[in-house]
Amino acid sequence: MHDHGTPAPPADRRGRLLLTALLLPCLLVTLVSLVVLWPAERTRAADADQFVPDAVVAARVVEVREVDCGSVEAEGRCQQVAFELNGGERQEVEVDPGAGQPRLVVGDAVKLAKYVDVAGLETYALVDFQRDRPLLLLGLLTAVVVVAVARWRGLAAILGVGVTAVGVVVFVLPAILEGSSPIAVALTASSALLFVVLYLAHGLSARTSAALVGTLLSLGICAALSSLSVDLTRITGLSSEETVALQGFAAGVDVRELLLCGFVIGALGVLNDVTITQSSAVFELRASDPLASRLAVYRRAMRIGRDHIASSVYTLVFAYAGAALPLLLVFTLLDRPVGQVLTGDLIAVELVRTAVGTIGLVLSVPITTAVASLVAGQAGAQARTAKATTLSR
């Protein structure tokens, strides 16, 4: 149902007025919110310098020796690794692989953090493997496959991904760190990105506008439901190591609202997919049967929507289970009761996130279908009139 090869029937004057009345206020509020919430400057942690290396340099492993670990805390055997930096300089670093960490072998391409103390002494520490080239190749392969199958639509979708990434880095993260309300930032950024990405990827049409209306309304429902759910379940998000670290660097960030922000942005992708599908279904059904009533088109599109709901709901569950598999294995090894695991803050956050996303997804189907049926129904009125006139002759 994502094939947009045939142009969508144009909405008549009533349909265009309906879409304008629904979207224009949203656009104006979004633009004003962007101006008000736009961060004045980049915010950094006061003591960030002590955690940030002076440089990160590329190196290659040229020699590995097994040695006894020099530190008291480390146990077992460590590796004395000789690295050759890009400039030809050789550095030796003791590496404690630790539990589950990969052991280095000669030829591994890695990144080293370089630290310079007040006396000018340089020390190095292993940061990570070099992944720039394989990730670039994987990204190019993804782009080629998307463009080869979806053609110009695929290229527009890739550009939309780039716009989204820029929006998050340039607006969302700095605005939250500057002290703006995370939920206000999430709603503003989501709305702005939807206006840009949907029209960029799917074209300026009544079909896309109907999907945009459905997405925005569903996103508002998700935001309200997220706030209610967080209050009822009393989840804090403080069981996450990342959140605790953030509190150390930016204590002014409201963790509760940050949770809501994550819920809203997390729901955005799946909502967009469902609303575009439903709007396309309505317009294709209208094009295939111009004489059908709005109610008939709505009912037919809802049959398609129910199948999409069923597949999307268990997709959300599988996605979370896959991402949380290591954590679930830890709980299994600790033999903790299932009820205790599910109601703990760490898992409860993800359950609430999944529930909010699922409810928003389900409700987006009838909302978008109703909006698209009204707009597409107006567009089909001309065809019904013309055919009725022909038959009367």
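**Nonpolar patch and cores**

Helix α3 gives the most to the nonpolar patch, with 4 residues. In this predicted model, the patch lies on the surface, has an area of about 670 Å², and is made by Val146, Val147, Trp152, Leu155, Leu159, Val163, Val196 and Leu200. At least two residues of the patch come from each of α2 (132-150), α3 (152-177) and α4 (182-202). Val163, one of the residues that make the patch, has its place in helix α3 and is partly exposed, with a relative accessible area of 31%. Because residues of a patch are required to have over 30% relative accessible area, the value of 31% allows Val163 to be counted there.

In soluble globular proteins, nonpolar side chains tend to be buried together. The largest nonpolar core of the model comprises 53 residues, of which Leu23, Phe171, Val185, Leu194, Leu212, Ile235 and Phe283 touch the most other members. Each of α1 (13-37), α3, α4, α5 (206-233), α7 (255-288), α8 (294-323) and α11 (345-392) supplies at least two residues of this core, and α7 gives the most, with 12 residues. Helices α3 and α4 are thus named both among the suppliers of the surface patch and among those of this core.

When residues up to four places away in sequence are not counted, Leu23 touches Phe195, Tyr199, Ser209, Leu212, Val213 and Leu216; of these contacts, Leu212 is itself one of the core residues that touch the most other members. A second core, separate from the largest one, has 11 residues, including Val61, Val81, Val93 and Leu104.

Definitions and conventions
Residues numbered from 1 in each chain as written. Predicted model: local features only at pLDDT ≥ 70, side-chain atom pairs only at ≥ 80, totals over all residues. Heavy atoms only, no water. Patch = residues over 30% accessible without salt bridge, like charges linked within 9 Å, V, L, I, M, F, W, Y side chains within 5 Å. Areas by Shrake-Rupley, 256 points an atom, 1.4 Å probe, with all protein chains shown as cover. Salt bridge = Lys/Arg side-chain N within 4 Å of Asp/Glu carboxyl O. Buried < 20%, exposed > 50% of the residue type's maximum accessible area, 1.4 Å probe, protein only. Core = buried A, V, L, I, M, F, W, Y, C linked by side-chain atoms within 4.5 Å. Contact = heavy atoms within 4.5 Å.
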